[in-house]
Amino acid sequence: MPVLAVQTNVADNEITNDFLKQLSAKVAQVLSKPEGYVAVHISSGQKLFFGGTNDPAAVMELTSIGLSTNQTAKISNEIMSLFEEKLNISADRMYLKFTNVTGNMMGWNKATF
């Protein structure tokens, strides 16, 4: 049930379906979770200042069941690298917050995990 929520000041027309597919696959891969449970949401074109400028930036939150602190540096590197490569957002202009939840705190399909 990984959910990656992103807010960015990158224009909406730069967020392609191909990028969303790549991002969804990347989240599944770095978490070793089935992509069928991954949700990716990007709010683009946001009024976002980071470090005192409105240069391309992103603020993200990754929520997942069983997220280990041992994984976070690798996940951060993998996800931010994709944003650098595809959207030209420098890694020093992104934050990625990690939220670990227990299965009973995440609803899906009229139940919880």
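**S44 and helix α2: values against definitions**

S44 lies in the loop between β2 (39-43) and β3 (58-65); strands are DSSP runs of E, at least two residues, and helices runs of H or I, at least four, numbered from the N terminus. This is a predicted model: local features need pLDDT of at least 70, side-chain atom pairs pLDDT 80 or more, while totals for chains, interfaces and linings use all residues. Residues are numbered from 1 along each chain as its sequence is written, and side-chain values use heavy atoms, without hydrogens and water.

Trainee: Why is S44 called buried?

Mentor: Buried means under 20% relative accessible area, exposed over 50%, partly exposed in between (1.4 Å probe, protein chains only). S44 has 14%, so S44 is buried.

Trainee: What makes α2 agree with its expected span?

Mentor: The expected span is 1.5 Å times one less than the number of residues. For the 16 residues of α2 that gives 22 Å, and the end C-alpha atoms are 22 Å apart, so the two agree.

Trainee: Which residues of α2 are buried?

Mentor: I75, S76, I79, M80, L82, F83 and L87.

Trainee: How do you know that they line one face of the helix?

Mentor: The arc is taken from the directions from the helix axis to the C-beta atoms. The buried residues fall within 150 degrees, so they line one face. On the other side of α2, A73 and E85 are exposed.

Trainee: What do the buried residues of α2 pack against?

Mentor: β1, α1, β3 and β4. Contact means heavy atoms within 4.5 Å.
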